[in-house]
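User: Please take a close look at the nonpolar interior of this protein. I would like a connected account of it, with some word on how far the model can be trusted.

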Amino acid sequence: ISRETRVQLCAHSEKLAAAVALWTYQNDVWAAKRGAAAQLLDNLVASFLESAGLQTRDSLRMFFRQHVAAIGDVLVFMQRNLAALRRALDDSESGRRDSQLVSYEANRVVVGALQAAFVYRFQNATLYDIDGSSESNGAFERWTEHPAIVDLLVQRLEGSYRLCREISGQHCASVYERIVATTLPSDEDPSDASRSLAIFDDAVSISHPSLPDAAESDSSEEARMRLISDDPYVSSLALLRETIDQVGPLANLCFRVFVDRITYLQATGSSEAHVLVCRYDAVRPRYLLCLVPLARASVAFRLAEEYHDLASLVTLVFTTERSNAAIYLRKYVERFGRDFADTLFAYYEKRQAWASLLNAQDSSFDVWLKEYVEKRTERDPHGLVAQIGWIHDVKMNDFSAAATKLARAGRDSAEVDQARTMLSLSKLAFVAAECQDGARNEVHARLEDALEMCEVQENLSQYLMAIVRSNRSHAAEISWRRRDDVSDKKAVLDAAMLTTTPEIRHERPALYIVYNELVRCIWNGRMLSVEDLVDALTFPDNMPATDSALASCSSDDAEQCNALIRERYSLAIDILSRASISLSEQTREAALKTIWRRVFLKDDWSGIRKRLGGNVPDSELRAELARTHLHTVLESCLATRELSHPDWYLLPADVFAAADLDYLVSARLAPRFASEPDAGSGWQPLTSTTVPALNKDYGEEDSRLRAAIKCGLDSYYVEILRTVTDQVNQCRLSADADASDMDAASSASTEALDVEDEDVRMESD
């Protein structure tokens, strides 16, 4: 027999099995002499045949004798007309009861017919030799895989769950409370808008295999009599129990039809396969997890295992078997292996259960977790998993990987304290890695730079707080790092005002607003970017290194703060040079120009020109220029910090802001102004005048620089650079000579000791 004929014969046999099951069901209904709801199949078959133009006195028998091939169409026809039938019955109290029974009977019809068909298919798969594993001539579509059958089962599942909610709300408070307390996946219209449960973990489970035998809300004599009966036509609680029992078989049939339909579409290369897979992935967990508040968790476990829904399995374990979770997890890891482990890790990550994620007790778990963390880190290098993955690396003795993750986490930290902690741990991890293999990673060399940035910000914070404290008339206690608390906003404003002069606040008001925000971030312990730190160090023009302002600090802290203030311009260049590897060329050049422009503007070149006017001796010229801030900065850069020349040095004519205005204003500063005022922020709202104001401020810096150049800044810069370079070279020559003398003295001493040893040996001989 051809394969096509075998497929057709099998389909006909399945429909015959379904028809036998429905005929048996109808005989039971007639024998029980139920109400109108029990005549659902008879009435629907009559309507179906009538819609096809067929009329007879006994439509049901006619259907089973001549039209069994249309049994799938009858099921779909029933579902399409069921909603209208129930709405017509819901108008009265007695009708509402009949409406619930109609839904119950519809489930019996669907489950009875499709279960009989699938049982016949599985039992006779070898006989017809059309099982998917033995096919060689392509896929074929079974009658149960039709899209209308898929929709039918999904709608019956949703209708059954709502029916359970409806009945339990009237007759069983324990079930109703569990249903109400549960937010299922894909819940679009929860009845209580105040519920905010986004995950299923909070659903209440019940360990009893069946529902209680007494209703909690109805105390009438008639109700008590109904509770004694197991007949759903007599007892509402019995109807609830029967409906709950139908949800499991309906879910099983629904998932089976989905799987078969997806397999068929994928085998034929249909574009609908992806859409149906997405729908299945949404439907499956919803109706698996709905079994938990219905006290059928064991059924949910069995179905999740059968249909390989590992995510739902993990959720079920932690929802219903929390006390035995470890046993269940180990069982499923042994059964499903790596796939289940990854699903479990994803579950922990989604709920940010980091302690549970990292507390792997099994060696295979350790390996899988490390691979999972590496995969997530590669996908999102700045995510939460990447930030805590170093803990597992330490457990695995992979200190090099731990150090790299810690360094990245330190650079990503928004707070100075956290950044310093992460960077310090990264340094320790690198030391441990060097002890293991002697390797030195490039990241290690950058750790010191990042740690120095943290130290600079902390010293700057201490200085600002000390300045504010010393200038307050009363001994107010200033809280250290209020974490964006606006209660001490005045202190932040005072710090910004005390470190700037009225002239700069008047001449560059927009840049002063930027500086005020940077002070707020420093005050609250927030990490600044390299560019922001450069602005914080170079914009203020009134930062005296006074011991009185730092009297409340320790001697070491006071010395560090004073050194920072004295060398803040050269320090800014040093920081920029160390961080340049992570900056774009445009960012690096704009920041370097900003530093040197403000260095040049720090001195009064007009006054210097007047004092050096006419014929002055070289000694007086050198002495005058040696007192400039420019001389101090160049000396610090060349001698102390040994920054290479000319890479980090610019001429006055090369540092105008005009060439970088588009980047400095439009790309960097203007986007930071909030569109709406923020009470916790120093930023003012962005207005139509913000960008022009910033342009005007940078233009003011350029104007002052032009005036300085007219006063001879170019020639003074060349002279100061030459003087400082000569001094640095002379010092280095002296140091080299001293080193040579020490080497010669050491060599002579060694030779003398050798001669003395020879004399001793001769005397001994």
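Analyst: What follows deals with the nonpolar cores, then with cysteines, two helices and the confidence scores.

The model is predicted. Its largest nonpolar core contains 115 residues. Within this core, Leu153, Phe255 and Phe340 have the most contacts. Helix α10, residues 236-268, supplies the largest share of the core, with 15 residues.

Leucine 153 shows how part of this core is put together. Apart from neighbours within four places in sequence, leucine 153 is in contact with Val110, Leu114, Leu250, Leu253, Cys254 and Val257. One of these partners, cysteine 254, has a relative accessible area of 0% and is therefore buried, the limit being under 20%.

A second core, separate from the largest one, has 81 residues. Leu518, Trp648, Leu669 and Cys711 are among them.

Cysteines need a further word. Cysteine 637 also has a relative accessible area of 0%, so cysteine 637 counts as buried. A disulfide is a covalent bond between the sulfur atoms of two cysteines. With a cut-off of 2.5 Å between cysteine sulfur atoms, the count of disulfides in this model is 0.

Burial can also be followed along a single helix. In helix α18, which spans residues 384-395, the buried residues include Val385, Ala386, Ile388 and Gly389. Trp390, His392 and Asp393 of α18 are buried as well. After α18 comes asparagine 397, with a positive phi near 60°.

Arginine 706 gives a contrasting case. This residue lies in helix α33, residues 690-710. Arginine 706 is partly exposed because its relative accessibility is 43%, between the limits of 20% and 50%. The C-alpha atoms of arginine 706 and proline 652 are 8.9 Å apart, with the two positions 54 residues apart in sequence numbering.

As for confidence, the protein chain has an average pLDDT of 80, and 81% of the residues score at least 70. Helix α12, residues 297-306, has the highest confidence, at 94. The lowest belongs to helix α9, residues 221-228, where the mean is 42. Over residues 188-227 the pLDDT stays under 50, and the model has 72 contacts beyond four places in sequence for this stretch. Residues 675-682 also have a pLDDT below 50, and that stretch makes 14 contacts in the model beyond near neighbours in sequence.

Key. Residues are numbered from 1 along each chain as its sequence is written. This is a predicted model: local features need pLDDT of at least 70, side-chain atom pairs count only at pLDDT 80 or more; totals for chains, interfaces and linings use all residues. Side-chain values use heavy atoms; hydrogens and water are left out. Helices (H or I, at least four residues) and strands (E, at least two) are DSSP runs, numbered from the N terminus. Buried means under 20% relative accessible area, exposed over 50%, partly exposed in between (1.4 Å probe, protein chains only). A nonpolar core is a set of buried Ala, Val, Leu, Ile, Met, Phe, Trp, Tyr and Cys residues joined through side-chain atoms within 4.5 Å. Contact means heavy atoms within 4.5 Å. pLDDT is the predictor's confidence in each residue, from 0 to 100.
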